[in-house]
Amino acid sequence: MHQYSLYYLLAANVVTFILYGMDKYKAKKAKWRISETTLLTLAAIGGSIGAWAGMRIWHHKTLHKKFKYGIPAIIILQIALAAYLHTII
């Protein structure tokens, strides 16, 4: 079970990281963008490290308060949840 969770988290973070890069590219080219709701949802469902890395590497959404404070908050909540689940399982 834990192995599948790790695969899921890896995939979620890779996809999220790539989508942050794609959105940055689309922003520069004035093309159709990925919604902020989608980007934040991807972080919330397990791609928070990929979102954080995408923000840092692509320099994307770093000035938006939702992302600047929201992504670290999601990471902290996910770590707390993982620690809690680890103690009860």
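## Serine 48 and what it touches

Start with serine 48, which sits in helix H2 of this predicted model. Beyond its neighbours within four places in sequence, serine 48 is in contact with Asn13, Ala43, Ile71, Ile74, Ile75 and Gln78. Serine 48 counts as buried because its relative accessible area is 3%, and the cut-off for buried is under 20%.

Several of those partners turn up again elsewhere. Ala43, Ile71, Ile74 and Ile75 are among the residues of the largest nonpolar core, while Gln78 is one of the residues closest to the centre of the largest pocket.

## Isoleucine 75 and tryptophan 52

Isoleucine 75 belongs to helix H3. With residues up to four places away in sequence left out, isoleucine 75 touches Ser48, Ile49 and Trp52. Is isoleucine 75 buried or exposed? It has a relative accessible area of 14%, so it goes down as buried. Its C-alpha atom lies 8.4 Å from that of alanine 44, with the two positions 31 residues apart along the chain counted as their separation.

Tryptophan 52 is part of helix H2. The C-alpha atoms of tryptophan 52 and isoleucine 75 are 8.8 Å apart, for a pair 23 residues apart along the chain. Once neighbours within four places in sequence are set aside, tryptophan 52 is in contact with Ile71 and Ile75. Tryptophan 52 has 39% relative accessibility, so it counts as partly exposed.

## The nonpolar core

Which residues make up the largest nonpolar core? There are 10 in all: Tyr20, Ile34, Leu39, Ala43, Ala51, Met55, Phe67, Ile71, Ile74 and Ile75. H2 and H3 each supply at least two residues of this core. In soluble globular proteins, nonpolar side chains tend to be buried together.

Tyrosine 20, one of the core residues, has a long list of partners to look through. Not counting neighbours within four places in sequence, tyrosine 20 is in contact with Leu39, Leu40, Ala51, Gly54, Met55, Trp58, His60, Phe67 and Ile71. Leu39, Ala51, Met55, Phe67 and Ile71 are also members of the core.

## The loop between H2 and H3

Two residues here are worth a look for their backbone. Histidine 59 is in the loop between H2 and H3, and its phi is positive, about 55°, although it is not a glycine. Lysine 61 is found in that loop too, and it has a positive phi of about 65°, again without being a glycine.

Where do the two stand on accessibility? Histidine 59 has a relative accessible area of 58%, so it is exposed. Lysine 61 counts as buried because its relative accessibility is 8%.

Lysine 61 has plenty to hold on to in terms of contacts: leaving out neighbours within four places in sequence, these are Asp23, Arg33, Glu36, Leu39, Met55, Phe67 and Lys68. With one of them, glutamate 36, the lysine 61 side chain makes a side-chain polar contact at 3.2 Å. Leu39, Met55 and Phe67 from the same contact list are core residues as well.

## The largest pocket

How much space lies in the largest pocket? About 650 Å³. It is lined by 17 residues, and Ser5, Leu9, Gln78, Ala82 and Leu85 are the closest to its centre.

Helices H1 (2-28), H2 (36-58) and H3 (65-88) each put at least two residues into the lining. H3 gives the most, with 7 residues. By type, the lining comes to 10 nonpolar and 7 polar residues, with no charged ones.

## The overall fold

Stepping back, the protein has 3 helices and 0 strands, so to speak an α-α-α run from the N terminus on. The C-alpha trace spans about 50 × 25 × 20 Å along its principal axes. Of the 89 residues, 29% count as buried.

As for contacts between residues at least 6 apart in sequence, 65% of them join residues at least 24 apart. The contact between isoleucine 75 and Ser48 links helix H3 to helix H2.

Key:
Residues are numbered from 1 along each chain as its sequence is written. This is a predicted model: local features need pLDDT of at least 70, side-chain atom pairs count only at pLDDT 80 or more; totals for chains, interfaces and linings use all residues. Side-chain values use heavy atoms; hydrogens and water are left out. On a 1 Å grid over the protein atoms alone, a cavity is a set of points where a 1.4 Å probe fits but cannot get out, and a pocket is an open set with protein on both sides within 12 Å along at least five of seven lines; lining residues have an atom within 4 Å of a point. Grid points are joined across faces, edges and corners, and a volume is the space filled by probe spheres set on the points. Helices (H or I, at least four residues) and strands (E, at least two) are DSSP runs, numbered from the N terminus. Ala, Val, Leu, Ile, Met, Phe, Trp, Tyr, Cys and Pro count as nonpolar, Asp, Glu, Lys and Arg as charged, and the others, Gly among them, as polar. Buried means under 20% relative accessible area, exposed over 50%, partly exposed in between (1.4 Å probe, protein chains only). A polar contact is a pair of N or O atoms within 3.5 Å; within protein, one must be able to donate a hydrogen and the other to accept it, and residues adjacent in sequence count only if both atoms are side-chain atoms. Contact means heavy atoms within 4.5 Å. A nonpolar core is a set of buried Ala, Val, Leu, Ile, Met, Phe, Trp, Tyr and Cys residues joined through side-chain atoms within 4.5 Å.
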